Amino acid sequence: MEEQEKMEKLVFLAKNKDAHAFSLLYEMVYEDLYRMALYTLGNSHDAEDVVGDTVLDAYSQIGNLRDETAFRGWIFKILTNKCRRKIKEYIGQREQMVGEFSEETADYAGDASYRKDEMEQVLDRQEIAYAFSCISREERLLVTMAVYGGYDSREIARILHMNRNTVRSKYQRALKKMRESLKKME
């Protein structure tokens with residue numbers, strides 16, 4: 001049986017409260033979910049937490065999934081939202097660190113050049129996070145899968161059930177929007 005057909009049958013069973021079917025679905029997507037979360041967040045512990053939260057939400061909400069063929073894209077969208085929340089949490093922590101850093105800078109004038117470089121890196125990351133937040137959810141998903149997940153357009157198209165050319169054009173438009181956002185910040 002083809003993997004997509006198997007997945008559709010398992011989704012149908014999982015929607016009818018079959019926990020074993022859902023566990024088999026989880027086995028089919030876990031590695032991809034974890035890889036994407038790890039590349040997005042850059043931290044294995046947070047990636048595991050986000051994937052766990054994603055799976056719990058998916059299990060509790062699978063009855064709401066209307067199209068069995070859309071499971072993979074649906075669970076990746078849940079993961080993307082979880083990653084986005086975690087990134088916002090990171091940004092909040094970094095802003096707090098920048099404030100603390102500014103206070104420390106006054107105390108350590110001798111290390112000014114090193115601390116200035118560190119501060120610029122934090123600010124660069126914040127600018128990229130801002131540019132990332134300026135694109136649509138779908139575009140963020142595509143960029144995340146391509147840049148952090150290392151997927152090519154063919155793989156993304158297969159996972160999200162999209163046309164490969166559509167994936168490429170949306171990806172390019174998303175990068176252009178991000179560049180424009182970064183230029184406005186200069």
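In this predicted model, Lys-82 is buried, its relative accessible area being 17%, and that residue makes a convenient point of entry. Because burial is defined as under 20% relative accessible area, the value of 17% places Lys-82 in the buried class. The side chain of Lys-82 nevertheless has a charged partner, for it meets Asp-57 in a salt bridge with an N to O distance of 2.5 Å. The two residues come from distant parts of the chain, Lys-82 lying in helix 4 and Asp-57 in helix 3, with their positions 25 residues apart. Asp-57 itself counts as partly exposed, at 25% relative accessibility.

From this pair one can step back to the overall architecture. The protein contains eight helices and zero strands, so that, with helices and strands taken as DSSP runs, the order of elements from the N terminus reads α-α-α-α-α-α-α-α. Of its 186 residues, 39% are buried, and the accessible surface comes to about 11,300 Å², with carbon and sulfur atoms contributing 48% of that area. Among contacts with a separation of 6 or more, 64% are made by residues that are 24 or more positions apart.

In soluble globular proteins, nonpolar side chains tend to be buried together. Here the largest nonpolar core has 41 residues, and Leu-25, Phe-71 and Leu-79 are those with the most contacts inside it. At least two residues of this core come from each of helix 1 (3–15), helix 2, helix 3 (44–61), helix 4 (71–107), helix 6 (137–148) and helix 7 (153–160). Leu-25 illustrates how such a residue is surrounded: apart from its neighbours within four places in sequence, Leu-25 is in contact with Met-7, Leu-10, Val-11, Ala-14, Ile-62 and Phe-71. A second core, separate from this one, consists of eight residues, among them Ala-131, Tyr-171, Ala-174 and Met-178.

Charged residues add another layer to the picture. Side chains of opposite charge can pair when their charged atoms come close. Nine salt bridges are found in a search of the whole structure. In one of them Glu-68 pairs with Lys-15, the closest N and O atoms being 3.3 Å apart; this pair also links distant parts of the chain, since Glu-68 sits in the loop between helix 3 and helix 4 whereas Lys-15 belongs to helix 1, 53 residues apart. Another joins the side chains of Arg-154 and Asp-152, at 3.5 Å from N to O, and both partners are partly exposed, Arg-154 at 46% relative accessibility and Asp-152 at 33%.

Asp-32 deserves a closer look, as several kinds of interaction meet there. This residue is found in helix 2 (residues 19–41) and is buried, with a relative accessible area of 14%. Together with Arg-35 and Arg-72, Asp-32 takes part in a network of salt bridges, and its side chain also makes a polar contact of 3.1 Å with the side chain of Tyr-151. Once neighbours within four places in sequence are set aside, the contacts of Asp-32 are Arg-72, Phe-76 and Tyr-151.

Finally, the surface has a nonpolar feature of its own. Tyr-39, Val-147 and Tyr-148 form a nonpolar patch with about 280 Å² of accessible area together. Tyr-148 lies in helix 6 and, at 30% relative accessibility, counts as partly exposed.

Conventions
Residues are numbered from 1 along each chain as its sequence is written. This is a predicted model: local features need pLDDT of at least 70, side-chain atom pairs count only at pLDDT 80 or more; totals for chains, interfaces and linings use all residues. Side-chain values use heavy atoms; hydrogens and water are left out. Helices (H or I, at least four residues) and strands (E, at least two) are DSSP runs, numbered from the N terminus. Buried means under 20% relative accessible area, exposed over 50%, partly exposed in between (1.4 Å probe, protein chains only). A polar contact is a pair of N or O atoms within 3.5 Å; within protein, one must be able to donate a hydrogen and the other to accept it, and residues adjacent in sequence count only if both atoms are side-chain atoms. Contact means heavy atoms within 4.5 Å. A nonpolar core is a set of buried Ala, Val, Leu, Ile, Met, Phe, Trp, Tyr and Cys residues joined through side-chain atoms within 4.5 Å. Patches are made of residues with over 30% relative accessible area and no salt bridge: like charges are joined within 9 Å, nonpolar side chains (Val, Leu, Ile, Met, Phe, Trp, Tyr) within 5 Å. Accessible areas come from the Shrake-Rupley method with a 1.4 Å probe; for residues, only the protein chains shown count as cover. A salt bridge is a side-chain nitrogen of Lys or Arg within 4 Å of a carboxyl oxygen of Asp or Glu.
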